[in-house]
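Please look through the chain shown below, following its annotated region, its core and its pockets in turn.

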Amino acid sequence: MPGHRSITEAEKLAAAKLGGIPIRREQMAAVANIYRAASAVRQHLENSVLRGSDLTWTAFVVLWVVWVWGESETRHVAEEAGISKGTLTGVARTLESRGLLRRADHPSDGRLVLLSLTDEGEEFMRRVFPAFNEEEAFVTAGLSDAECRSLAEGLRSVVLQVEEHGEERRQALLGGAEPAPRRSGRRPRA
């Protein structure tokens with residue numbers, strides 16, 4: 001693949017570029033590898049088990065969230081899936097057109113929409129998730145069960161750090177200012 005570099009090549013290039021800059025290298029490596037691992041796993045799952053079901057990663061995550069949490073408001077599904085409400089609208093419409101997801105008005109607040117799986121969506125997740133889990137086992141085959149638990153605990157600690165202290169840190173870094181709103185579908189300008 002043009003422009004593709006192995007993890008070893010990328011690490012060597014970063015080390016050469018950052019040689020004299022005082023940084024926390026272990027923390028940089030941890031975060032860089034979280035990103036690399038997430039990207040590699042997502043690509044593998046989209047190009048294997050999800051491709052056979054004609055699903056994107058985002059659509060699968062939405063189905064997973066609604067499957068696990070049950071009927072939920074769209075704002076909560078979007079937050080849990082890590083996507084914008086606008087993105088969720090398109091994904092939900094697609095899943096609804098495939099008969100996997102149901103959209104309904106909230107019974108007491110007409111501004112809110114609830115999502116739930118249809119019977120077909122429930123059956124779909126019961127059928128597809130075991131295959132998805134087999135690929136989870138494949139991508140972690142180089143780790144023992146104990147190493148998988150340790151990795152999961154370490155990543156959970158990273159998530160908790162951001163959930164519990166991220167807002168305070170952002171406020172400190174921004175001098176109390178609110179962050180600029182992100183432009184939909186685009187990275188912030190440098």
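In what follows, Ala, Val, Leu, Ile, Met, Phe, Trp, Tyr, Cys and Pro count as nonpolar, Asp, Glu, Lys and Arg as charged, and the others, Gly among them, as polar. The model is predicted, and the UniProt record, an unreviewed entry, places the feature "domain: HTH marR-type" at residues 27-164. Over that stretch the chain is 72% helix and 9% strand, with its end C-alpha atoms 19 Å apart.

The largest nonpolar core holds 28 residues, among which L55, F60, V62, L63 and L95 touch the most other members. Two or more residues come from each of α3 (49-52), α4 (57-69), α5 (74-81), α6 (85-97), β3 (113-117) and α7 (119-139), and the largest share, seven residues, belongs to α4. Apart from neighbours within four places in sequence, V62 is in contact with V77, A81, I83, L88, V91 and L95.

Turning to the open spaces, the largest pocket encloses about 2,200 Å³ and is lined by 44 residues, with I34, A38, W57, L155 and V159 lying nearest its centre. Its lining draws two or more residues from each of α2 (25-46), α4, α5, α7 and α8 (145-173), and α2 provides the largest share, twelve residues. By class, this lining comprises 28 nonpolar, ten polar and six charged residues.

The second largest pocket has about 300 Å³ of space, and its lining residues include H4, R5, Y35, R36 and Q43. Both α1 (7-17) and α2 supply at least two residues of that lining, with α2 giving the most, five residues. By class, four of the lining residues are nonpolar, four polar and two charged.

Key. Residues numbered from 1 in each chain as written. Predicted model: local features only at pLDDT ≥ 70, side-chain atom pairs only at ≥ 80, totals over all residues. Heavy atoms only, no water. Core = buried A, V, L, I, M, F, W, Y, C linked by side-chain atoms within 4.5 Å. Buried < 20%, exposed > 50% of the residue type's maximum accessible area, 1.4 Å probe, protein only. Helix = DSSP H or I, 4+ residues; strand = E, 2+ residues; numbered from the N terminus. Contact = heavy atoms within 4.5 Å. UniProt positions renumbered as here; feature names shortened; annotations may be inferred. 1 Å grid on protein atoms, 1.4 Å probe; cavity = no way out; pocket = protein on both sides within 12 Å on 5 of 7 lines; lining within 4 Å. Points joined across faces, edges and corners; volume = space filled by probe spheres on them.
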